[in-house]
Amino acid sequence: MTITLRSRSSSLIRASLIYLIDGLIAAISLVAAISLRVGSLRAEEVLKEHLAAMPLFVAVALATFAAMRLHRRVWRYTSTEEVFEVVKAATAAILAYVAVLILIGGAGWLPRSIPVIQWFVLVVLMGGVRMARRLAAEHLGGRVHPPKS
């Protein structure tokens with residue numbers, strides 16, 4: 001009984017941490033995409049003019065990631081299959097976000113290039129964090145032997 005409660009609690013903490021990391025990455029990807037498109041000075045103005053843009057994207061992204069069960073994958077064993085799942089999830093999240101913006105009539109401010117730029121940033125950040133976790137696990141576990149200088 002104790003082991004079951006402990007493992008459930010551990011799973012809940014792990015899933016919460018993954019959602020937190022993915023939510024932060026989603027927010028960063030939107031800011032980065034806007035900054036890359038309009039410049040960092042103008043990006044701050046754009047985000048201030050559209051305060052709901054970032055929370056809306058984070059909510060849509062997290063809902064998409066949850067629906068695709070991205071949090072259930074084991075980062076320690078990240079492979080090309082995991083990267084393809086990240087690509088699918090990022091694509092679905094950005095398409096859903098654009099669809100929501102169009103439905104609520106709030107897509108007028110969004111240059112068409114931002115979702116494309118954001119997709120690249122989101123895939124690189126999400127895939128990069130997962131691959132970094134795998135490399136850290138392998139290195140700390142003694143399975144990776146860096147070349148000696």
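In what order do the elements of the protein chain run from the N terminus on? In this predicted model, the order is α-α-α-α-α, and the secondary structure accordingly comes to five helices and zero strands. Of the 149 residues in the protein chain, 32% are buried. Among contacts between residues at least 6 apart in sequence, 80% join residues at least 24 apart. The paragraphs below follow helices α3, α4 and α5 and the places where they meet.

Helix α3 covers residues 53–67. Its 15 residues should span 21 Å at 1.5 Å a residue, and the end C-alpha atoms are indeed 21 Å apart, so the expected and computed spans agree. The buried residues in α3 are Ala 53, Phe 57, Val 58, Val 60, Ala 61, Thr 64 and Phe 65. After this helix comes Arg 69, with a positive phi near 55°. Most residues other than glycine have a negative phi. Arg 69 takes its positive value of about 55° although it is not a glycine, and its place is in the loop between α3 and α4. With a relative accessible area of 46%, Arg 69 is partly exposed, because that class lies between the limits of 20% for buried and 50% for exposed.

Helix α4, residues 80–103, has 24 residues and reaches 34 Å from its first C-alpha to its last, close to the 34 Å expected at 1.5 Å a residue. Buried along α4 are Glu 82, Glu 85, Val 86, Ala 89, Ala 90, Ala 93, Ile 94, Tyr 97 and Leu 101, a list in which two glutamates, Glu 82 and Glu 85, appear beside residues such as Val 86 and Ile 94. Just after α4, Gly 105 takes a positive phi of about 75°.

How do α3 and α4 cross, and how near do their axes come? Two packed helices are described by the angle between their axes and the distance between the axes. The axes of α3 and α4 come within 9 Å and cross at roughly 135°; the two helices are therefore oblique to each other, since this angle falls neither over 145 degrees nor in the range from 65 to 115. The crossing in which α3 passes α4 is right-handed. From α3, the contact is made by Ala 53, Leu 56, Phe 57, Val 60, Ala 61, Thr 64 and Phe 65, and from α4 by Ala 89, Ala 90, Ala 92, Ala 93, Ile 94, Ala 96, Tyr 97, Val 100 and Leu 101. By class, these residues comprise 15 nonpolar, one polar and no charged.

Leu 95 also belongs to helix α4, but with a relative accessible area of 58% this residue is exposed, because the value lies over the 50% limit. Although Leu 95 and Val 60 are 35 residues apart along the chain, their C-alpha atoms are separated by 9.8 Å.

Helix α4 meets helix α5 as well, their axes coming within 9 Å and crossing at roughly 145°, and here too α4 passes α5 in a right-handed crossing. The residues of α4 that take part are Glu 82, Val 86, Val 87, Ala 90, Thr 91, Ile 94 and Val 98, which meet Pro 115, Gln 118, Trp 119, Leu 122, Val 123, Met 126, Gly 127 and Arg 130 in α5. This contact divides into 10 nonpolar, three polar and two charged residues.

Two residues of α5 show where this helix meets other parts of the chain. Gln 118 lies in helix α5, which covers residues 113–140, and at 1% relative accessibility it counts as buried, because the limit for that class is 20%. Beyond the residues up to four places away in sequence, Gln 118 touches Ala 26, Ser 29, Leu 30, Ala 33, Phe 57 and Ile 94; of these, Phe 57 is a buried residue of α3 and Ile 94 a buried residue of α4.

Ile 114 lies in α5 too, and it likewise counts as buried at 1% relative accessibility. With residues up to four places away in sequence left out, Ile 114 touches Ala 33, Ile 34 and Arg 37. The C-alpha atoms of Ile 114 and Ile 34 are separated by 6.3 Å, while the two residues are 80 residues apart along the chain.

Definitions and conventions: Residues are numbered from 1 along each chain as its sequence is written. This is a predicted model: local features need pLDDT of at least 70, side-chain atom pairs count only at pLDDT 80 or more; totals for chains, interfaces and linings use all residues. Side-chain values use heavy atoms; hydrogens and water are left out. Axes are lines fitted to C-alpha atoms, for helices over the stretch in contact, and angles run from 0 to 180 degrees between N-to-C directions. Helices (H or I, at least four residues) and strands (E, at least two) are DSSP runs, numbered from the N terminus. Angles under 35 degrees count as roughly parallel, over 145 as roughly antiparallel, 65 to 115 as roughly perpendicular and the rest as oblique. A crossing is left-handed if the near helix is turned anticlockwise from the far one by less than a right angle, and right-handed if clockwise. Contact means heavy atoms within 4.5 Å. Ala, Val, Leu, Ile, Met, Phe, Trp, Tyr, Cys and Pro count as nonpolar, Asp, Glu, Lys and Arg as charged, and the others, Gly among them, as polar. The expected span of a helix is 1.5 Å times one less than its number of residues. Buried means under 20% relative accessible area, exposed over 50%, partly exposed in between (1.4 Å probe, protein chains only).
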